[in-house]
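The following note sets out points on the fold for a colleague's consideration. It proceeds by element and closes with the chain as a whole.

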Amino acid sequence: MRLLVRHRSLWTYPSPATLGPHLIRLRPASHAAVQVLDYELLVEPEGALHWQRDPVGNHVARLTYASGATTNALDISAAFTCDVHTVNPFGFLLDAPAAVAPFSYPASWQPELAPYLDLAPAYLRGGALLHDFLATVPGQGDTVPLVVALNAAIHQHIAYVERHEAGIWTPAETLAAGRGSCRDSAVLLMAVLRTRGLATRFVSGYLIELANEPSVVGATPHGSTDRVALHAWVEVYLPGAGWIGLDPTSGLLCGEGHVPLACTADPALAAPVEGSSDLAESGVSFTMSLLRLDATVLTPH
């Protein structure tokens, strides 16, 4: 099935504002399950836009403006067309030494994977609440059932809520509340998987849900309207399989509806748009749309 995804973000200012550099992470990653056919990023007012890759390979557009330039609004619009086909989230094989956890990653990989195993960052603080939660979930066993069980445990323990304020809760905050946004649950799962010695990274991306299909967030079809939204989940590195997506909001492995934009060890480095201005915005709005371009059914693989 061919789809057109549009995403517009608009910031308005109470008077002409000077904009600092902005980093825009709104381009699908190369390992997305969907096949991206074309992509467009438009910004008003126009500035100098340079595409680059960050140190871990994410597409990042760097936006800058000439000194002295001001604007009453910043309007960022991204659009892409893609072909979506059914994927089997369990369609992978593990290397034999990684079949049972805990296991050790090959020594040659450990320097590269070290940031994804680090439990020291402040954003992963869990304290006694995380310690108590870890005592209730598996710590070892066959690797695939283990990661499935840990993902499901977050889904069962943390109620999903939309949280529009900025920032991500620590695992301790999420566990104390017993609820959280997709990004809060993702960070909690990161902490849990890393305590089990599994390299894990945070993912920001799009979630595509098609009408009358089972919703990723809920257990029943979400309705009669196609939709797309920003979402967050995690990827765990399993030798032989690579980076495997886990969505603690649903408790399921990621499928064709998950379109990663940025994958990082630190959630702060995956923000869709990051930048500054000399004035606080007076308004912010986000709109997204999803359009079916045809009903072609592609061969699953």
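**Notes on the predicted model**

1. Strand E2, which spans residues 19–24, is mostly covered, with five of its six residues buried. The structure discussed here and below is a predicted model. Two pairings of E2 are noted. With strand E16 (residues 273–277), E2 pairs in the antiparallel sense over four bridges, and within that pairing Val273 of E16 is the bridge partner of Ile24. With strand E5 (residues 59–64), the pairing of E2 is also antiparallel and extends over three bridges; here Leu23 stands opposite Arg62 of E5.

2. Strand E11 (residues 200–209) is likewise mostly covered, and 10 of its 10 residues are buried. E11 is joined to strand E12 in the antiparallel sense over 10 bridges, with Ala232 of E12 as the bridge partner of Ser204. E11 also runs antiparallel to strand E15 (residues 258–264), to which six bridges join it. In that pairing, Phe202 stands opposite Thr264 of E15. As a general point, side chains in a regular strand alternate between the two faces of the sheet.

3. Which residues of helix H2 are buried? In H2, residues 127–134, they are Leu130, Phe133 and Leu134. These three lie on the same side of H2, because the arc they cover around the axis is only 100°. The face turned away from this buried side carries Ala128 and His131, both exposed. The buried residues of H2 pack against three helices: H3 (143–157), H4 (171–177) and H5 (182–195).

4. The largest nonpolar core has 43 residues, and those touching the most other members are Val192, Leu193, Leu198 and Leu246. Two or more residues of this core come from each of H2, H3, H5, strand E12 (227–238) and strand E13 (242–247). The greatest contribution is that of H5, which gives nine residues. A second core, separate from this one, comprises 30 residues, including Leu26, Leu74, Val228 and Leu261. In soluble globular proteins, nonpolar side chains tend to be buried together.

5. The surroundings of Leu193 merit individual inspection. When neighbours within four places in sequence are left aside, Leu193 is in contact with Val147, Leu150, Leu198, Thr200, Val234, Val236 and Leu246. Leu198 and Leu246 also appear, with Leu193 itself, among the residues that touch the most other members of the largest core.

6. Two peptide bonds that precede proline should be checked by the reader. The bond joining Glu44 and Pro45 is cis, with omega about -5°; Pro45 is placed in the loop between strand E3 (35–44) and strand E4 (48–53). The bond from Ala101 to Pro102 is also cis, with omega near 5°, and Pro102 is found in the loop between E7 and H1. Most peptide bonds are trans.

7. Is Ser108 buried or exposed? Its relative accessibility is 63%, so Ser108 counts as exposed, the threshold for that class being over 50%. Ser108 is located in the loop between strand E7 (100–101) and helix H1 (110–113). From C-alpha to C-alpha, Ser108 and Pro272 are 32 Å apart in space, and 164 residues separate them in sequence.

8. Turning to the whole chain, its secondary structure comes to five helices and 17 strands. Why does the radius of gyration agree with a compact globule? For 301 residues, such a globule would have a value near 19 Å, and the chain has 20 Å, so the two agree. Along the principal axes, the C-alpha atoms fill a box of roughly 60 × 45 × 40 Å.

9. Burial, contacts and surface complete the description. Of the 301 residues in the chain, 47% are buried. Among contacts between residues at least 6 apart in sequence, 75% join residues at least 24 apart. The chain exposes about 14,200 Å², of which carbon and sulfur atoms supply 55%.

Terms used:
Residues numbered from 1 in each chain as written. Predicted model: local features only at pLDDT ≥ 70, side-chain atom pairs only at ≥ 80, totals over all residues. Heavy atoms only, no water. Buried < 20%, exposed > 50% of the residue type's maximum accessible area, 1.4 Å probe, protein only. Arc of directions from axis to C-beta. Contact = heavy atoms within 4.5 Å. Core = buried A, V, L, I, M, F, W, Y, C linked by side-chain atoms within 4.5 Å. Pairing = 2+ DSSP bridges. Rg over C-alpha atoms; globule rule 2.2 N^0.38 Å. Areas by Shrake-Rupley, 256 points an atom, 1.4 Å probe, with all protein chains shown as cover.
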